[in-house]
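User: I am new to this structure and would be grateful for a close look at a single part of it, namely the sheet. Please describe how its strands are arranged and what surrounds one residue within it.

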Amino acid sequence: MLLVGSCQLEPDSNSSNKEERVSISISTSRLPSNVNLYKPASALGTFADITSITVDVKEGDTFLITAQSLTESAGNYSGTLTNLPVGPGLTFVVHAYNASATEIFSGTIIQTLTGSADNVEVYLSPIDDGTGLSIPSITKIEYLRSIRPSKSGFIKVYLKGQVG
């Protein structure tokens, strides 16, 4: 599962040529309608559960932007990230939260901004709920060696696994 966020660079009139303003937009409304029905067994939520999105931007180990909230309108989240340097590799981290403020999706990309219509795409992956996934296994199969015409027979299959 993924969400795509795109950023469009705009010259920052209040800064030198080495800093830019980035408009960011993340859309959950452009996803196929059935994507909200699918929830992996170990995920904390679906796209329909997203109620807020924040963005962090780092240069190396230094945070340039921390937990900047994006504004939601009809399934589109948007905002402006200011004073981002052109040239060095920047780490964009996107966090999506549910109504309980639990992070249910996240995504990270490292990208260098060039200052000429850069596009940054961040793919969001579901956060694992930590319950694990148990797949049942067949432990034994019993059957009759032969079944005569007009007679009934049986096949018994024994499974081992978790219920639910």
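Analyst: The following account begins with confidence, turns to the sheet, and ends with a salt bridge. The model is predicted, and its pLDDT averages 78 over the protein, with 74% of the residues scoring at least 70. Over residues 1-5 the pLDDT is below 50, although this stretch has 31 contacts in the model beyond near neighbours in sequence.

The sheet is open and consists of 5 strands, with antiparallel pairing and the order β4-β3-β7-β8-β10. Its edge strands are β4, covering 62-69, and β10, covering 125-126; each of them pairs on one side only. Strands in a sheet are held in pairs by backbone hydrogen bonds, in either a parallel or an antiparallel manner. At the β10 edge, the partner is β8, residues 103-112, which runs antiparallel to β10 and is joined to it by 2 bridges. Here Phe105 stands opposite Pro126 of β10.

Within the sheet, strand β3 spans residues 52-59 and includes Thr54. Thr54 counts as buried because its relative accessibility is 9%, and the limit for buried is under 20%. Leaving aside neighbours within four places in sequence, Thr54 is in contact with Ala67, Gln68 and Ser69, and also with Val93, Val94, His95 and Tyr97.

The structure also holds 1 salt bridge. This salt bridge links Glu142 with Lys140, whose closest N and O atoms are 3.0 Å apart. Glu142 is partly exposed, at a relative accessible area of 24%, and Lys140 likewise counts as partly exposed, at 42% relative accessibility.

Definitions and conventions: Residues numbered from 1 in each chain as written. Predicted model: local features only at pLDDT ≥ 70, side-chain atom pairs only at ≥ 80, totals over all residues. Heavy atoms only, no water. pLDDT = per-residue confidence, 0-100. Contact = heavy atoms within 4.5 Å. Pairing = 2+ DSSP bridges. Helix = DSSP H or I, 4+ residues; strand = E, 2+ residues; numbered from the N terminus. Buried < 20%, exposed > 50% of the residue type's maximum accessible area, 1.4 Å probe, protein only. Salt bridge = Lys/Arg side-chain N within 4 Å of Asp/Glu carboxyl O.
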